[in-house]
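Open the model in your viewer with side chains available as sticks. The tour below goes from one selection to the next and says what is there.

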Amino acid sequence: MTFRQFAFNNVSRNKRTYAAFFLSSVFSVMIFFIYAMFIYHPGVDSGQVHRYVAEGMKAAEYIIFLFAFFFLFYCVGAFLKRREKEFGILIMHGMTRGQQNVLIFMENMLIGAISILFGIGLGMVLGKLFFQFAGFLLDVEPLPFYLPWEAMVLTIVCFFCLYVVISLFTLLFLKRSSLLELLQGNQRPKQEPKASVFLSLLAAVLLGLAYVLAFWVSGPLVIIMLIPVSALTIAGTYLLFTQLSVYLIRLLKRNKRFYWNHTNIVTLSDLTYRMKDNARMFFLVCIVSTVAFCAVGTLAALASSITETTVKTNPFAFSYRADADTKLNQQQVSKIEAALKDGGFAFEKVETTVKVLSGGEDRSKNVALIGLSEYNRIAGAAGQDQVQVGPGEAIFFQRWPGEELDREPFPVAGQSLQRKISSLMPVISSLNSSRIVVVPDPVFAQITADSLEQNFLYNVENWKETDALSKKLMTELSEGDTGPYSFQARAPLYHELKQLANTGLFIGLFVGLLFFVAAGSFLYFRLYTDLENDKRQYGAITKIGLTERELSRIVTTQVALLFFIPILVAIIHSAVAFFSLHSLLKLILITSVAKPTAIVLASFVLVQFVYFVIIRNRYLFHLKRSM
């Protein structure tokens with residue numbers, strides 16, 4: 001048998017242990033390859049898909065590659081630790097340290113080559129389905145299947161280099177254990193896990209402080225506090241799993257009534273070691289899952305709010321506004337209405353005129369005034385909230401969410417009106433970004449305007465289908481940002497925002513899924529690492545009277561804790577993060593956060609539960625078979 005055959009046999013005979021690692025590697029390669037196929041697709045270059053989609057895909061490629069590096073590095077290191085006894089036997093039979101390094105390198109490269117092969121193969125098989133799903137999500141015609149050679153070369157080169165670097169790094173950081181330590185492997189006697197009271201309290205304090213800050217901040221301050229809150233959460237989570245969890249289990253063990261009840265003595269005694277041994281894995285799974293939940297939940301909220309956001313920022317499907325003395329007004333309006341009738345779109349027209357006070361050379365300081373009753377008539381036609389203004393008051397609207405406005409009295413028509421700031425978006429806008437101000441009707445009647453503006457506003461049925469018509473009219477009626485007239489339509493903005501939001505969801509969904517699959521692989525791997533020890537332990541306990549039913553209950557409890565403790569902590573972290581993000585998302589008029597977030601979290605929990613049932617049944621089957 002040659003050295004290459006020996007390395008191949010090592011991998012093939014440990015296929016159960018390598019299964020999760022291999023499948024996760026294949027999944028990483030497949031996602032990377034499919035994204036590369038999308039980036040190099042000619043339909044993207046031709047403009048059929050927005051250019052931001054391709055840019056987002058490139059960013060996702062970097063994320064997948066970076067994550068794959070850390071994931072594979074962790075897994076390879078853990079595999080080597082599990083195989084210490086095997087290496088000890090080989091060294092005892094004459095294998096040198098150099099040959100051991102060559103063996104490890106060859107095994108890693110063999111797994112890497114097979115992963116790349118299967119990943120690309122699966123990518124080709126699922127590519128067509130992926131393009132159809134992308135077309136549906138991006139609201140464009142599905143891209144035809146296309147196999148760019150650049151995508152294949154990029155995937156092979158990137159992941160081949162990644163496996164080479166991982167293998168070299170693994171050898172560089174490989175622990176040089178003595179022969180006796182290698183032969184003992186993971187059967188070396190362990191000291192009873194202990195936890196520091198100070199560090200346990202510190203974990204609670206750090207997490208509590210992070211949660212309080214997350215609940216306290218709101219609006220733009222959320223962005224500023226994002227890094228410190230994340231740092232507190234990460235540090236607190238690490239101490240939670242390494243210290244606080246062990247400390248709490250020790251407290252439970254001191255409760256003799258609970259500890260001596262049925263099989264709790266076995267469950268808790270073993271759980272202490274499992275928590276300590278798997279603390280870093282729990283931490284990684286928790287943080288990775290939290291990132292996946294938050295990213296996918298936020299993107300889902302963004303995608304589900306596009307229609308609501310577009311309607312609030314553009315209350316009317318078509319808006320034409322112009323200086324009142326422009327002779328072309330009637331001609332332009334006739335053109336809009338003729339186009340709508342020719343397209344078969346039913347519509348309702350609303351007209352209004354506002355008075356503009358000049359702010360000097362800086363047109364952004366212009367103020368467009370409208371009477372209260374007239375404004376509420378327009379708001380009613382748009383189905384938007386009406387406003388109330390008292391005598392001596394004027395309502396100022398923000399031009400963008402969070403804008404700070406001057407609260408000094410507003411002088412107009414010989415009066416000084418108290419400024420009332422509204423967080424609502426105004427239902428009409430003005431030329432040249434003039435600020436919209438609502439004043440009492442008697443005040444409006446007394447105002448002498450520097451100029452007048454006419455607004456022709458249209459409610460259109462099936463407005464989402466007016467994209468092509470809107471773009472045609474925008475081309476014909478556009479006079480730039482400072483022209484004497486302006487035409488705006490809701491449909492093009494809606495479709496552009498929808499494609500951008502769905503692009504984010506499209507990318508985030510697959511990257512989040514990759515994170516989640518990797519987290520599940522961590523759990524699978526750790527469970528099967530302990531399988532041989534568990535066989536011996538439960539075999540011994542069975543001899544003193546442990547029944548199969550009690551064994552099933554103990555294993556179910558332990559595997560459930562292994563699977564759901566980090567996920568539960570991740571869900572709590574995510575829920576707090578969503579509460580904090582909610583106030584930030586409201587600034588961009590995204591209000592439906594709870595429902596998409598709940599759907600995302602429930603979906604992940606459901607998948608995790610299915611994963612738990614499968615792994616638990618397989619694990620229990622192997623345990624019972626060995627007894």
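Select glutamate 374, which counts as partly exposed at 25% relative accessibility. Keep in mind throughout that this is a predicted model. Add arginine 377 to the selection: the two side chains meet in a salt bridge, 2.8 Å from N to O. Arginine 377 is partly exposed as well, with a relative accessible area of 42%. Colour helix α16 (residues 372-382) and you will find both partners in it, three residues apart, about one turn of the helix.

**Other salt bridges**

How many salt bridges does a search of the whole structure find? The search finds five.

Go next to helix α14 (residues 306-313) and show lysine 312 and glutamate 308, which are four residues apart and so separated by about one helical turn. Their side chains form a salt bridge with an N to O distance of 4.0 Å. Lysine 312 has a relative accessible area of 31% and is partly exposed. Glutamate 308, at 30%, is partly exposed too.

Move on to helix α18 (residues 467-477), where aspartate 467 and lysine 471 lie four residues apart, about one turn of the helix. A salt bridge joins their side chains at 3.3 Å, N to O. Is aspartate 467 buried or partly exposed? Its relative accessibility is 17%, so aspartate 467 counts as buried, the limit for that class being under 20%. Lysine 471, by contrast, is partly exposed, with a relative accessible area of 46%.

To finish the charged side chains, select Glu337, Lys349 and Glu351 together; salt bridges link them in a network.

**Strand β3 and its neighbours**

Select strand β3 (residues 367-371). The strand is mostly covered, with five of its five residues buried. In a regular strand the side chains alternate between the two faces of the sheet. Look at one side of β3 for Val367, Leu369 and Gly371, and at the other for Ala368 and Ile370; all of these are buried, and both faces are covered.

Now add strand β2 (residues 347-357). β2 and β3 run antiparallel and are joined by three bridges. For a landmark, label lysine 355, which stands opposite leucine 369 in β3.

Which way does strand β7 (residues 435-439) pair with β3, parallel or antiparallel? The pairing is parallel, over five bridges. Here the residue to label is isoleucine 436 of β7, the bridge partner of alanine 368.

**Aromatic pairs**

Show the aromatic rings. The structure holds 14 aromatic pairs. One of them is phenylalanine 65 with phenylalanine 159, an edge-to-face pair at 5.9 Å centre to centre, with 85° between the planes. This pair links distant parts of the chain: phenylalanine 65 is in helix α4 (residues 51-82) and phenylalanine 159 is in helix α7 (residues 149-172), 94 residues apart. The two rings differ in cover: phenylalanine 65 is partly exposed at 28% relative accessibility, whereas phenylalanine 159 is buried at 1%.

Go from there to phenylalanine 396 and phenylalanine 410, which form an edge-to-face pair with 5.1 Å between centres and 85° between planes. Phenylalanine 396 lies in strand β4 (residues 393-397) and phenylalanine 410 in strand β5 (residues 410-412), 14 residues apart. Both phenylalanine 396 and phenylalanine 410 are buried.

Then return to phenylalanine 65 and add Phe32: ring pairs link Phe32, Phe65 and Phe159 into a cluster.

**Cysteines**

Select the cysteines. The count of disulfides comes to zero. Why is cysteine 161 not bonded to cysteine 158? The sulfur of cysteine 158 is the closest cysteine sulfur to that of cysteine 161, but the two are 7.0 Å apart, too far for a bond; a disulfide needs the sulfur atoms within 2.5 Å. Cysteine 161 is partly exposed, with a relative accessible area of 41%. Cysteine 294 counts as buried at 16% relative accessibility.

**The whole chain**

Zoom out and show the cartoon: the protein has 22 helices and nine strands. Of its 627 residues, 49% count as buried. Switch to a surface. The protein exposes about 30400 Å², and carbon and sulfur atoms supply 64% of that. Among contacts with a separation of 6 or more, 83% are between residues 24 or more positions apart.

Technical notes: Residues numbered from 1 in each chain as written. Predicted model: local features only at pLDDT ≥ 70, side-chain atom pairs only at ≥ 80, totals over all residues. Heavy atoms only, no water. Buried < 20%, exposed > 50% of the residue type's maximum accessible area, 1.4 Å probe, protein only. Helix = DSSP H or I, 4+ residues; strand = E, 2+ residues; numbered from the N terminus. Pairing = 2+ DSSP bridges. Contact = heavy atoms within 4.5 Å. Areas by Shrake-Rupley, 256 points an atom, 1.4 Å probe, with all protein chains shown as cover. Phe/Tyr/Trp six-rings, centres within 6.5 Å; stacked < 30°, edge-to-face > 60°.
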